[in-house]
Each structure stands twice: as C-alpha cells, then as structure tokens.
Amino acid sequence: MRLIPAALLLVAPLLQAAPLDTGKSQINFTMKQLNVPVTGNFKKFSGTVVLDLKKPEAGKADISIDTASISLPTAEAVGEAKKADWFNVAKFPSARFVSSSIKNLGGGKLQVAGKLTIKGNTRDVTAPFTARQEGALTVVEGVLPVSRLAYKIGEGDWADTGTVADEVQIKFKVAIPAGK
C-alpha cells in the first residue's frame, strides 16, 4: 500500500502539464544571409509545459517543432530549407526541446536549460526568459542563440559562414494555461 502514494507523487507533475496554446504561441528565428537579417518561423509545433510562477524551479517543458512547417520570405527559400543540406525534413520531420532545469534569476527573469535536438544532433542549451500572466494564460518569452553548424543546418556549400552566418536567434513566445 505504501507504493501507491509514492507512485502518485511521481505521476502528479505529469498530470499538471499543460498543452501549449499554439494559437497564441510563436517560434520565430532570425539569421543573417550576406549580413542581411532574414526572419522566419515554424507554423506547427506542440508540447507541454509545467510552470508555476511561484515555484518556477519545479517547471518543465517538452516542445516538438514540425520542421516541414518552416516559413521564410520566399517559396524558393522554404523549398531549399527543407532539403537535406538544411533541415532534411524527409529524414528529420521534427526538432525537440526538453528542459532539464529552470532557474529564477529574480526581477521577473528566469533561465531554462535543456537539450535541443535538430536534425538528429542534440546539444545542451540555456536561454533567459520572462514569464507573465495575461488573463488565463502564462506567457513565456525569450531568445535562444544557437549555432546552426552545431546542428548541421546548412551543410556542403552552405557551411560557409560568409554567406549565411553561423548564429541563429530563436525567439519564442509560449502561452500556457495559467498556474500550470
């Protein structure tokens, strides 16, 4: 009988996980091509987040991105981004972020650490973010700088950082039901 309460303690955090409100969430990115900023986004993503602003250290996130949902300024760029040298969406249809910790930095600022997997390559990442209540939602916003080459995004001739810069800024806005 003692095993049942212990098992409930392990399962309870999973029951509190809230699905993202994808209609009010965004995952955008900015890169530089020939030193000119190019902005795009991913239109399809899903996941669950647990975040209590009174106890953020207990928070967790697990977010998957449909790489084929990439949007860029031109249809030609979208087609190129889906190819093997870039996201290789046929072989790697999704990217995923799974948090390992959330730290309260004070003053309404927090930091998330976790593992980001893109194109089969997993790297440890950290990103500062803010969180605020907007009605019935908790809105989390931050920027995660990543090296595209660390994930083999832009292989072959595209690995030249003189054409496309290595650093990409991933800007996220995640809306979750308040108190989750």
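Let me begin with a definition: a residue counts as buried when its relative accessible area is under 20%. Asparagine 121 has a relative accessibility of 13%, so it counts as buried. I shall return to that residue after an overview of the chain. Please bear in mind throughout that this is a predicted model.

First, confidence. The average pLDDT of the protein chain is 90, and 89% of the residues reach at least 70. Residues 1-15 stand apart from this discussion: their pLDDT stays under 50, and the model gives them 1 contact beyond four places in sequence. I shall therefore say nothing further about that segment.

Next, the overall architecture. The protein chain contains 2 helices and 11 strands, and along the sequence these elements follow the pattern α-β-β-β-β-β-β-α-β-β-β-β-β. The 11 strands make up an open sheet with antiparallel pairing, in the order β1-β4-β5-β7-β8-β9-β10-β11-β2-β3-β6. At its edges are β1 (18-19) and β6 (70-71); each has a single partner strand, so one side of each is left without a neighbour in the sheet.

How are the contacts distributed along the sequence? Among contacts in the protein chain with a separation of 6 or more, 58% join residues 24 or more positions apart. As for the surface, the protein chain exposes about 10400 Å², of which carbon and sulfur atoms supply 58%. Of its 180 residues, 36% count as buried.

I turn now to the interior. Which residues of the largest nonpolar core touch the most other members? They are Phe87, Leu116 and Phe129, in a core of 41 residues. The strand that gives the most to this core is β11 (residues 167-177), with 5 residues. Leucine 116 merits a moment of attention. Leaving aside residues up to four places away in sequence, leucine 116 touches several hydrophobic side chains' owners, including Phe97, Val125, Leu144, Val146 and Ile170. The list of its contacts also includes Arg96, Thr122, Arg123, Tyr151 and our opening residue, Asn121.

Let us follow the strand pairings through this part of the sheet. Strand β5 (residues 60-66) pairs with strand β7 (residues 94-106) in the antiparallel sense over 5 bridges; serine 64 has arginine 96 in β7 as its bridge partner. Strand β8 (residues 109-118) is joined to β9 by 10 bridges, again in the antiparallel sense, and here glycine 114 stands opposite valine 125 in β9. On to the following pair: β9 and strand β10 (residues 137-147) run antiparallel and are joined by 6 bridges, with threonine 130 opposite glutamate 141 in β10.

The two hairpins deserve a closer look. Between β8 and β9 the hairpin has 2 residues, and lysine 119 there takes a positive phi near 55°. This residue is not a glycine, despite that positive phi. Is lysine 119 buried or exposed? With a relative accessibility of 8%, lysine 119 counts as buried. The hairpin of β9 and β10 likewise has 2 residues between its strands, and in its turn glycine 135 has a positive phi of about 65°.

We may now return to asparagine 121, which lies in strand β9 (residues 121-134). What does its side chain reach? One target is the backbone oxygen of lysine 119, at 3.0 Å. Another is the backbone oxygen of tyrosine 151, at 3.1 Å. Beyond four places in sequence, asparagine 121 touches Leu116, Ala150, Tyr151 and Lys152. Asparagine 121 is thus in contact with leucine 116, one of the core residues that touch the most other members.

Lysine 152, from that list of contacts, is found in the loop between β10 and β11. Lysine 152 has a positive phi of about 60°, although it is not a glycine. Its relative accessible area is 44%, which means that lysine 152 is partly exposed.

One last site lies elsewhere in the sheet. Valine 50 belongs to strand β4 (residues 45-50), and its relative accessibility of 14% makes it buried. Valine 50 and lysine 60 are 10 residues apart along the chain, and their C-alpha atoms are separated by 5.1 Å.

To close, I return to the opening residue: asparagine 121 counts as buried, and its side chain reaches the backbone oxygens of lysine 119 and tyrosine 151. Thank you for your attention.

Notes. Residues numbered from 1 in each chain as written. Predicted model: local features only at pLDDT ≥ 70, side-chain atom pairs only at ≥ 80, totals over all residues. Heavy atoms only, no water. Helix = DSSP H or I, 4+ residues; strand = E, 2+ residues; numbered from the N terminus. Buried < 20%, exposed > 50% of the residue type's maximum accessible area, 1.4 Å probe, protein only. Contact = heavy atoms within 4.5 Å. Areas by Shrake-Rupley, 256 points an atom, 1.4 Å probe, with all protein chains shown as cover. Core = buried A, V, L, I, M, F, W, Y, C linked by side-chain atoms within 4.5 Å. pLDDT = per-residue confidence, 0-100. Polar contact = N/O pair within 3.5 Å; in protein donor to acceptor, adjacent residues only side chain to side chain. Pairing = 2+ DSSP bridges.
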